[in-house]
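Biologist: Please take one part of this model and look at it closely with me, explaining each term as it comes up. Which strands lie side by side there, and what surrounds them?

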Amino acid sequence: MKLLDRPILVGAVVVLLAALFGYRLLSVGEDRRRARFLQRFESSFDGGARRLVAPPQIADRVKRGIGIAWPDGVEQYVIDAVFELNGRTHRGRWLYTCNEADGGGIYRFSYSKAEESDELPAPSFQLPGHRHIPWATRLVEGVPSTAGAEASVESVTTTVVVAQPLIVTATAPPGTTCWVETFPPDAIESPSERLAAREKGGQPELLEWSLRLNPKYANGKIRVQVHCEEPYGNGVLHSITETPHVELLPAGDSE
């Protein structure tokens, strides 16, 4: 071997060792994050209606495919668990997309349940129903606290004179409780009533709010949200449904 080749060879070996060491550190970091999230998952069932009957299993990092990069700090976790609910045994598969660089907040989620493991969808970063949810840091029996049942907005007045009420109607799954909030919060003169969602004749009953507007926001636009809350196991799940922006006209104006 030529003397000139030896520094090149040594340099290549150093680069290779550094790469292997860096990969090992990255792998150790991922293992720690998976273990931490698994503990977070398990503790969310403490005192709940669903009882874990075997230690849950967390998959290796989900593969997205060739050429699909992971944003910095983003992790996805697939967890399989067997649990008992009302005397029956079920198998579940949960998928979470989290930003570990920002407090481990969950912003996408999906869940599948079956009687047998082979009836569950294959582990994938795109399980059925994997959807965006409002930022969540708390789990309720495996479910992010912001992934509750959603209200369906039936109608909202998108242009209204401030002297007239803002009318919002929606439907929601039975057993949930819904209310309306605005941004700015004081765009309505008092908090909306919390209405319980029910069924009538097999169909969800229509929920309706008539809200008095604050005149100081005339000539502006406000955001309107329908909030929905449902009891779930040892806690409560919450969801938010956005509506189109509402334009407020001064008193005396019309559409």
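Modeller: Helices (H or I, at least four residues) and strands (E, at least two) are runs assigned by DSSP and numbered from the N terminus. The model is a predicted one, in which local features need pLDDT of at least 70 and side-chain atom pairs count only at pLDDT 80 or more, while totals for chains, interfaces and linings use all residues. Residues are numbered from 1 along each chain as its sequence is written, and side-chain values use heavy atoms, with hydrogens and water left out.

The part to look at is an open sheet of three strands in the order β9-β11-β16, with antiparallel pairing; two strands count as paired if DSSP finds at least two bridges between them. β9 (152-156) and β16 (207-211) stand at the edges with a single partner strand each, so one side of each has no neighbour in the sheet. From one strand to the next the twist averages 20°, where axes are lines fitted to C-alpha atoms (for helices over the stretch in contact) and angles run from 0 to 180 degrees between N-to-C directions.

Taking the two pairings in turn, β9 and β11 are joined in the antiparallel sense over four bridges, and V153 stands opposite A170 in β11. Strand β11 (residues 166-171) also pairs with β16, again in the antiparallel sense, over five bridges. In that second pairing V168 faces W209 of β16, while the bridge partner of T169 in β16 is E208. In a regular strand the side chains alternate between the two faces of the sheet.

As for the surroundings, five of the six residues of β11 are buried, so β11 is largely enclosed by the rest of the structure. Buried means under 20% relative accessible area, exposed means over 50%, and partly exposed lies in between (1.4 Å probe, protein chains only).

V153 also leads to a residue elsewhere in the sequence, T243, which is found in the loop between β18 (235-242) and β19 (246-249). Leaving aside neighbours within four places in sequence, T243 is in contact (heavy atoms within 4.5 Å) with V153, V156, V224 and V226. T243 is buried, with a relative accessible area of 9%.

For contrast, P191, in the loop between β12 (177-183) and β13 (195-196), is exposed, with a relative accessible area of 76%.
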